[in-house]
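Morning, everyone. I have one structure to walk you through today. Please bring it up on your screens.

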Amino acid sequence: AYLRFERHDGTMSEVVRRLNFERGDSAAALLVDPQKQIVYLIEQFKYPTLDKAGGWTDEIVAGMIDAGETPEQAIRREILEEAGFAVEAVEPIAHFFVSPGGSSERIFLFCAIVSEAVRRSAGGGVATEDIKVVGWTLDDFLARLQGGGLMDAKTIIAGYWLKDNLARIMRGRAG
């Protein structure tokens, strides 16, 4: 697009060219089992990371918000598809732009309390996905978070949120 924008001093800029990759919005959730003190992540191949990180990522459940869906409806669907849990409640953490210099995509980030009682399947995603659900102990997850061992931004944000809300979440109460 070619556009002008109002500068900080109130004047208008010259005409500039800006690109915007319109991908749509997505929802993501950190899955925590407070009784077992486990954080569930998914391991999945992501082509854009291939050259810089080998292609496989450890990250929280996430997916695109379909037309007509709310972020909460989308994340409940994604949690069931990818991780196999039918959660009762999700707690909003934040929403943010993924890369505002080039894309209008936002992520709506949640936390979901899970347990074996709400597990409906092994997960794994839809037919075009190859997802492995991995349970990490809370200590391992926090150590990897603090040691720089996670490379996915939404997972890092959710991890530091969990660290700040740990006592409440470990009592099994979101919200």
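**A buried tryptophan, and what surrounds it**

Let's start with Trp161, which counts as buried because its relative accessibility is 15%, and the cut-off for buried is under 20%. Keep in mind that this is a predicted model. Trp161 sits in helix H4. Which residues does Trp161 contact, once we leave aside its neighbours within four places in sequence? They are Glu91, Ile93, Cys111, Arg168 and Ile169. Now look at Ala94. Trp161 and Ala94 are 67 residues apart along the chain. Their C-alpha atoms, though, are separated by 9.5 Å.

Let's zoom out. The protein has 175 residues, and 41% of them are buried. There are 5 helices and 9 strands. Read from the N terminus, the order is β-β-β-β-α-β-β-α-β-β-β-α-α-α. The C-alpha trace spans about 60 × 35 × 35 Å along its principal axes. Next, take the contacts between residues at least 6 apart in sequence. Of those, 60% join residues at least 24 apart.

Now the inside. In soluble globular proteins, nonpolar side chains tend to be buried together. Here, the largest nonpolar core holds 22 residues. Which of its residues touch the most other members? Leu30, Val39, Phe141 and Leu162 do. Strands E3 (26–33), E4 (38–45), E7 and E8 each supply at least two residues of this core, and so do helices H3 (138–146) and H4. H3 gives the most, with 4 residues. Apart from this core lies another one, of 21 residues. Ala29, Ile38, Ile65 and Ile79 are among its members.

Stay with H3 for a moment. Its residues Leu138, Phe141, Leu142 and Leu145 are buried. Where do they sit around the helix? Seen down the axis of H3, the buried residues fall within an arc of 95°, so they line one face of the helix. They pack against E3, E4, strand E9 (131–137), H4 and helix H5 (166–170). Take Phe141 from that group. Leaving aside neighbours within four places in sequence, Phe141 is in contact with Leu30, Val39, Leu41, Trp136, Leu150, Thr155, Gly159 and Leu162. Just after H3 comes Gly148, with a positive phi of about 80°.

On to the empty space. Rolling a probe the size of a water molecule over the atoms shows where it is left. The largest pocket has a volume of about 960 Å³. It is lined by 34 residues, and the closest to its centre are Arg23, Lys46, Glu59, Asp152 and Lys154. What kinds of residue make up the lining? It divides into 12 nonpolar, 8 polar and 14 charged. Strand E5 (56–59), strand E6 (61–64), helix H2 (71–83) and helix H4 (153–164) each supply at least two of them. We met H4 earlier, as the helix that holds Trp161.

One last residue: Glu105. Where is Glu105 found? It lies in the loop between strand E7 (90–97) and strand E8 (106–113). Is Glu105 buried or exposed? Its relative accessibility is 8%, so Glu105 counts as buried. Leaving aside neighbours within four places in sequence, Glu105 is in contact with Arg23, Gly24, Asp25, Ser26, Met64, Phe96, Phe97 and Val98. Arg23 should sound familiar, as one of the residues closest to the centre of the largest pocket.

Notes
Residues numbered from 1 in each chain as written. Predicted model: local features only at pLDDT ≥ 70, side-chain atom pairs only at ≥ 80, totals over all residues. Heavy atoms only, no water. 1 Å grid on protein atoms, 1.4 Å probe; cavity = no way out; pocket = protein on both sides within 12 Å on 5 of 7 lines; lining within 4 Å. Points joined across faces, edges and corners; volume = space filled by probe spheres on them. Nonpolar A, V, L, I, M, F, W, Y, C, P; charged D, E, K, R; others polar. Buried < 20%, exposed > 50% of the residue type's maximum accessible area, 1.4 Å probe, protein only. Contact = heavy atoms within 4.5 Å. Core = buried A, V, L, I, M, F, W, Y, C linked by side-chain atoms within 4.5 Å. Arc of directions from axis to C-beta.
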